[in-house]
Amino acid sequence: MKRIYNFSAGPAIMPVPVLEQLSRDVLEINGSGMSILEVSHRGKDYDAIHHEAMANLLQTLDLSPDEYSVVFSTGGASLQFAMLAMNFLSVGQTADYVDTGEWSSKAIKEAKRCGNVHVVASSAETQYDRIPKGLTFSAPGTARYAHITTNNTIEGTQFHSLPDANGAPLTADMSSDIFAMNHDFSKFDLLYAGTQKNAGPAGVTMVVARKSFLETANKNLSPMLSYLVQAEKESLYNTPPVFAIHALNLVLKHIQAEGGVAEMEKRNREKAGLIYSALDAHPELYRPTVAENGDRSLMNITFRLTTEDLEAEFLKEAKTREMDGLKGHRNVGGVRASIYNAFPREGCVALADFLADFARRKG
Ligand SMILES: *Cc1c(COP(=O)(O)O)cnc(C)c1O
């Protein structure tokens, strides 16, 4: 099997042992004589996987199943932008949103369909090159909830600590850094993340919510859009994405076996440091797009070269070195190296070496 260095932002690289297990399970799961792709979502083989995945998700985040519920949804984080607001925000109420990038601005758009949005702060005017500081959330007791995007996949910024939302329930889109940075996850009342960046293939969206917060959700929604119904039915109201949940469960077990989220963060800091150091060593050629070092993402490293021609040349040469997926998001251009948990340290060393070598020749 040949493996290139896959810097894709998502769907993205997965741990090899998980891929190997999945390939076996595609042929036969648990000696059942059936593929994981063929088993009933109400049969015993899948039922065990389903509940194990929920338990492992909470365990990985160090959250208690007495306090938190898991919902497996589909429709990506993009549907969660709408579902969060439909479940918790209604006309006359206000939710606080921090606008840190393209994904947060999409979340804001959806919330505005349901109620008032107070944009606590925005870095839109500086092309989302930073996490805004000195956030002024609504006065205590006035916001229905507060929302942040912990990692801005497109712009390359990340919250390195969680804000205090003045007592409002804190919610977050963690699609691109769940399991990558350790937090006190009990600070969240609800968090959600698609699996396709740091937790498996595309197909399922994890929603983790505090039970006491869920109880305050809108009770008059279509069952498929209701967190309460989905939680009560343990995400088996309809057919769940069986394969994606199985893959997520394997990724969760892999993370735990490797030392958990704290160990992931430690490795991620070292890996990202290798690449940022190589960029910072050659300011004559490379322009990291994030204004403040303390906001730099450990997951998505974004930078420009001095000219677009050099960027094209850089990307082309990278491919000859078995590095792919480095092209920046179509809306921002430049270069983006996504180095999720499963991305190997050797790949970061290889990119750092290439950055130095390219600068020696072109800088
Ligand atoms: C990828 C991404 C999304 C969109 O996810 P979909 O699964 O395509 O809906 C939303 N938010 C963030 C932070 C992302 O990285």
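This is a short conversation about reading a predicted model, from its ligand site to its backbone and its burial pattern.

Visitor: I would like to begin with the ligand. How many residues surround the ligand, and which are the closest?

Guide: A good start is to list the neighbours of the bound molecule. Here 13 residues surround the ligand, and the closest are Ser 78, Thr 153, Asp 173, Gln 196 and Lys 197.

Visitor: What is the make-up of that shell in nonpolar, polar and charged residues?

Guide: Sorting the neighbours by type is a useful second step. The shell divides into three nonpolar, eight polar and two charged residues.

Visitor: Which helix gives the largest share of the shell?

Guide: That is helix H3, spanning residues 76–88, with four residues of the shell.

Visitor: Now the polar atoms. How far from an oxygen atom of the ligand is a polar side-chain atom of Ser 78?

Guide: For polar contacts, look for pairs of N or O atoms within 3.5 Å. In Ser 78, a polar side-chain atom lies 2.6 Å from an oxygen atom of the ligand. Lys 197 has a side-chain N or O atom 2.7 Å from a ligand oxygen, and for Gln 196 the corresponding distance is 2.9 Å.

Visitor: How much of the accessible area of the ligand does the protein cover?

Guide: On its own the ligand has 390 Å² of accessible area, and the protein covers 87% of this.

Visitor: And which pocket does the ligand take up?

Guide: The ligand occupies the second largest pocket.

Visitor: Let us turn to the backbone. Which residues does a cis peptide bond join?

Guide: The omega angle is the one to read here. The cis bond joins Gly 10 and Pro 11, with omega about -10 degrees. You will find Pro 11 in the loop between strand E1 (5–6) and helix H1 (16–27).

Visitor: What is the phi of Asp 62?

Guide: Phi is the next backbone angle to check. Asp 62 has a positive phi of about 55 degrees, although this residue is not a glycine. Its place is the loop between helix H2 (44–60) and strand E2 (68–73).

Visitor: What about the phi of Asn 166, and where does Asn 166 lie?

Guide: Asn 166 is a residue other than glycine with a positive phi, near 60 degrees. It sits in the loop between strand E7 (157–158) and strand E8 (170–173).

Visitor: Is Asp 62 buried or exposed?

Guide: The relative accessible area tells us, and over 50% is called exposed. Asp 62 is exposed because its relative accessible area is 70%. Asn 166 has 33% relative accessibility, so it counts as partly exposed.

Visitor: Is Ile 49 buried or exposed?

Guide: For buried residues the value must be under 20%. Ile 49, found in helix H2, has 7% relative accessibility and therefore counts as buried. Its C-alpha atom is 9.5 Å from that of Leu 250, and the two residues are 201 residues apart along the chain.

Visitor: Where is Ile 131, and how far is it from Ala 291 in space?

Guide: Comparing separation in sequence with separation in space is a handy way to follow a fold. Ile 131 is in the loop between strand E4 (116–122) and strand E5 (143–149), and it is buried, with a relative accessible area of 5%. From Ile 131 to Ala 291 the C-alpha distance is 9.2 Å, while the sequence separation is 160 residues.

Visitor: What distance separates the C-alpha atoms of Ala 318 and Glu 263?

Guide: They are separated by 29 Å, with their positions 55 residues apart along the chain. Ala 318 belongs to helix H9 (residues 308–320) and is buried, since its relative accessible area is 1%.

Visitor: Finally, where does Gly 43 lie?

Guide: Look in the loop between H1 and H2. Gly 43 is partly exposed at 23% relative accessibility, and its C-alpha atom is 19 Å from that of Leu 22, 21 residues away along the chain.

Note on methods:
Residues are numbered from 1 along each chain as its sequence is written. This is a predicted model: local features need pLDDT of at least 70, side-chain atom pairs count only at pLDDT 80 or more; totals for chains, interfaces and linings use all residues. Side-chain values use heavy atoms; hydrogens and water are left out. A residue is near a molecule or strand if one of its heavy atoms lies within 4 Å of it. A polar contact is a pair of N or O atoms within 3.5 Å; within protein, one must be able to donate a hydrogen and the other to accept it, and residues adjacent in sequence count only if both atoms are side-chain atoms. Accessible areas come from the Shrake-Rupley method with a 1.4 Å probe; for residues, only the protein chains shown count as cover. On a 1 Å grid over the protein atoms alone, a cavity is a set of points where a 1.4 Å probe fits but cannot get out, and a pocket is an open set with protein on both sides within 12 Å along at least five of seven lines; lining residues have an atom within 4 Å of a point. A molecule sits in a cavity or pocket if more than half of its atoms lie within 2 Å of its grid points. Helices (H or I, at least four residues) and strands (E, at least two) are DSSP runs, numbered from the N terminus. Ala, Val, Leu, Ile, Met, Phe, Trp, Tyr, Cys and Pro count as nonpolar, Asp, Glu, Lys and Arg as charged, and the others, Gly among them, as polar. Buried means under 20% relative accessible area, exposed over 50%, partly exposed in between (1.4 Å probe, protein chains only).
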